[in-house]
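Welcome, and thank you for taking a look at this structure. Have the sequence and the 3D view open, and let us walk through them together.

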Amino acid sequence: MSTSSNIITHTLGFPRIGERRALKWALESHWRGESSAQALQATAKSVRAQTFHAHKESGITHPPVGDFSFYDHMADTALLFGQVPHRFGSTANTLDNLFTLGRGKNVAGQNIAPLAMKKWFNSNYHYLVPELEADQPIALDAARYLDLVREALAANPAAKPVLVGPLTFLYLSRGLDEAGRLAKAEALAAGYQLLLNELKALGVAWVQIDEPILTLDLPADWLQAFEPTYHRLKVPGIKLLLTTYFGDLNGNVALAANLPVDGLHIDATMTRDLIAVADRLPDYKVLSVGILDGRSIWRADLAPMLQRLAPVYARLKERLWLAPSCSLLHLPLDAAFETKLPEFLRNNLSYARQKLTELNLLARGLSEGLDSIALELNQAAAARAELDRQPGRNSSTVRAKTETIAATEPNRRGAFAERAAAQQARFNLPLLPTTTIGSFPQTHEIRAARKAFKNRELSEEQYESSMKDEIRHVIEIQEKIGLDVLVHGEAERNDMVEYFGEQLDGFAFTQEGWVQSYGSRCVKPPIIWGDVQRSRPMTVAWARYAQSLSQRPVKGMLTGPVTILFWSFVRDDLSREAVCYQIAEALRQEINDLAAAGIGMIQVDEPAFREGLPLRRKDWAPYLNWAVRAFKHAVVDAPNDVQIHTHMCYSEFNDIIEAIAALDADVITIETTRSNMKLLDAFSDFHYPNAIGPGIYDIHAPQIPTMEEIEPRVRLALEKIPAERLWINPDCGLKTRGWKEVIPSLEAMVAVARKLRKEH
Ligand code: GLN
Ligand code: ZN
């Protein structure tokens, strides 16, 4: 066990999914009806016990409790205060009701829709969006929560309950408009006060209350609500630590520093001047400095952190607490499980458990001096030096090339009109051309073949021939349906980022780098540790084969630079901008090879384009600038008669429409069904100049759309976009659907296109 220092340390939250995703398997088996609620509880309990144990081992003063959830912490908070829409029936705070909020339910043939999901700030975690109703009273139902707290206090009396703050909860909910949500603040604060009294009775000293919305651009009335709300939930004897993260407080420092609470946590990775915050803090308050990046998988360089902390410590003494910047939920659990990565990488990883060790070292280094942790500092420095020595880490050719990209204006040869004419001459497409987004059903056989190839049970030739069979099959079906622009179906791809990462230099793949995405779902992003380079063509052989099978254009299919970047863990010694340019350069080479091979249409998917947006609007422009440049660089050499498509799904476009237009893709396909073409308004109001394919049916639903459903949508689209620039396609890729749904759906879509063509 590590020695503890006299500096208080804590974490804001910890991964819930457990070792080797134990909770995921337990949840899914329980949902399938294969294991009891007791078995699930037992697994959850052992996950939590391991969390306490890890905190204890590392000498962390306050482990969190209440951050654990069987599904999602926002939904837990909704149940805690009875904020469940009437359609669910019961508001009781039970595990079953939590699962219903997340997964929906079928009651007597009637589907009860689950809560919607939304990205938790700019992380890759998705929370369940609570739906508020004006007549659903705030009613505290805390038994489940208090049980967790009792369990935690038995393990460690200093355990610190974690709560989503009332204003963050209301702000991130829907159902009522902003005023309606804010109107609940008073009653909700009273509910929190009741809960805090219960916690006090259990002997709790500190409670963490998360208000990350303080790092957003908040409307004035929400800012004004903080003071009165926090006055209302004061309970003598309970100390509150108000936490903010994912951004700096900016103009909200004074507000946050002066709220009637006992401590403030700030994200030091996003805050430039720590002393300025310390200066604002009344002298009875604690400042928790989130010094370790709670979302970085990399082992930290502790010495400069200690240097930064030294003056703050001198000023605040025991009023300084140390923590990671945010909950460690956003990290994989334990780098010790990565037994297959090369040592130079393994030694440089810091997942959630390793963060605890680093936190303890920081506390010791600060209170006892650098010498007291010299050994560990040297080890970390040596590990990093070893990583930096790797030849793949820094390639002078890659650097030379990407350094110039930042200074370029990568415009294609011709303007859109000129390109459109060249493309029309080449492809002679009908009005309202039909296409799909890329993937076709990933059948059991396809997955089995991919797996067998990976496990070397299938030779390269066997694998190739089975994939070619699949491509031929997919092309034949599309021709039969009568689509105008075809795709090869993406059978050879497991995942749209991993597939490219595996073929590019600079990427590594973990075994246990799982991070919760939502509910029991986890993602395992690849690690970009070195300079990204393409050593050989990645998709050209498949694309050429697919195109050889048809007279109609078959789109080449790539994942864009921004999406590859944001769906990976990225190295911390280069800017994201620089890494994105490296990926863009690799894709440029690929696109040039595709064009040279006669592929006339190339789609560069960017579903994560919006994900990179900073939390505050004032920071948007620089990001959009480099994101657009990266995309444009990838496609810059495409001759005028090569048609560049892009695809984005489930985005809002209003506020970034200029950047979308600046991408200058010849065709963009987007999701619009769920908004009933409303999303298109952004494009028509802006007079978006290029071609658009609004999704005209929702591929996420199993229902087969009829012509009667599709036709009005296309007519609606025609009101907003001129027919010459309108494409007809589904919302997104079809890989999660079955052929039985896909064929009739696409047939209906093609029939509508043919019918409306005649009218124009
Ligand atoms: N081309 C990809 C597909 O069809 C796009 C996936 C996505 O938008 N996320 O599957
Ligand atoms: Zn999509």
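## The nonpolar core

A nonpolar core is a set of buried Ala, Val, Leu, Ile, Met, Phe, Trp, Tyr and Cys residues joined through C-beta atoms within 7 Å. The model you see is a predicted one, and its largest nonpolar core has 216 residues. Which of those residues touch the most other members? They are Val-289, Leu-362 and Ile-602. Helix α23, residues 576-596, gives this core its largest share, with 9 residues.

To get a feel for the core, try picking out Leu-362. Apart from residues up to four places away in sequence, Leu-362 touches Ile-291, Leu-302, Met-305, Leu-306 and Leu-322.

## The overall build

Now step back and view the whole chain. The protein contains 28 helices and 22 strands. Its radius of gyration is 27 Å, close to the 27 Å that the globule rule gives for 760 residues, so the protein is as compact as a globular protein of that length. Measured out along the principal axes, the C-alpha trace spans about 75 × 60 × 50 Å.

How much of the protein is buried? Buried residues account for 50% of the 760 residues. The contacts reach far along the chain, too: among those between residues at least 6 apart in sequence, 77% join residues at least 24 apart.

## The annotated binding site

The unreviewed UniProt entry places the feature "binding site" at His-647, Cys-649, Glu-671 and Cys-732. These four positions span 86 residues in sequence, yet no two of their C-alpha atoms are more than 8.7 Å apart, so they gather at one spot.

Let us visit three of them in turn. His-647 sits in strand β20, which covers residues 643-648. This histidine has 27 C-beta neighbours inside 10 Å, and therefore His-647 counts as buried. Setting aside residues up to four places away in sequence, His-647 touches Ile-437, Gln-603, Asp-605, Pro-607 and Thr-669.

Glu-671 is found in the loop between β21 (667-670) and α26 (680-685). Glu-671 counts as buried because 23 C-beta neighbours lie inside 10 Å. Cys-732 is also in a loop, between α27 (707-720) and α28 (739-759). With 25 C-beta neighbours inside 10 Å, Cys-732 counts as buried.

The contacts tie these positions together. Not counting residues up to four places away in sequence, Glu-671 touches Cys-649, Tyr-650, Gly-695, Asp-731 and Cys-732. On the same basis, Cys-732 touches Ile-437, Cys-649, Glu-671, Gly-695 and Ile-699.

## Around ligand 1

Next, bring ligand 1 into view. Which residues come nearest to ligand 1? Of the 13 residues around ligand 1, these are Ile-437, Gly-438, Ser-439, Pro-607 and Gly-733. Two of these names may look familiar: Ile-437 and Pro-607 are also among the contacts of His-647. Ile-437 appears again among the contacts of Cys-732.

What is the character of the shell around ligand 1? Its residues divide into 6 nonpolar, 4 polar and 3 charged.

## Helix α4 and its cover

Move on to helix α4, residues 95-103. Its buried residues are Asn-97, Leu-98, Thr-100, Leu-101 and Gly-102. What covers the buried residues of α4? The cover includes α3 (73-80), β3 (105-107), β4 (110-112) and β6 (126-128). After α4 comes Gly-104, whose phi is positive, near 75°.

## Phe-169

One more stop is Phe-169, in helix α6 (residues 166-171). Is Phe-169 buried or exposed? With 27 C-beta neighbours inside 10 Å, Phe-169 counts as buried. Leaving aside neighbours within four places in sequence, Phe-169 is in contact with Thr-77, Pro-130 and Val-164. For a sense of scale, Phe-169 and His-488 are 319 residues apart in sequence and 44 Å apart in space, C-alpha to C-alpha.

Key:
Residues are numbered from 1 along each chain as its sequence is written. Chains are lettered from A and ligands numbered from 1 in the order in which they are written. This is a predicted model: local features need pLDDT of at least 70, side-chain atom pairs count only at pLDDT 80 or more; totals for chains, interfaces and linings use all residues. UniProt positions are given in the numbering used here, feature names are shortened, and annotations may be inferred rather than shown by experiment. Helices (H or I, at least four residues) and strands (E, at least two) are DSSP runs, numbered from the N terminus. A residue is buried if 20 or more other C-beta atoms lie within 10 Å of its own, exposed if 12 or fewer, and partly exposed in between; C-beta atoms are placed from the backbone. Two residues are in contact if their C-beta atoms, placed from the backbone, lie within 7 Å. A residue is near a molecule or strand if its C-beta atom, placed from the backbone, lies within 6 Å of it. Ala, Val, Leu, Ile, Met, Phe, Trp, Tyr, Cys and Pro count as nonpolar, Asp, Glu, Lys and Arg as charged, and the others, Gly among them, as polar. The radius of gyration is taken over C-alpha atoms; the globule rule is 2.2 Å times the number of residues to the power 0.38.
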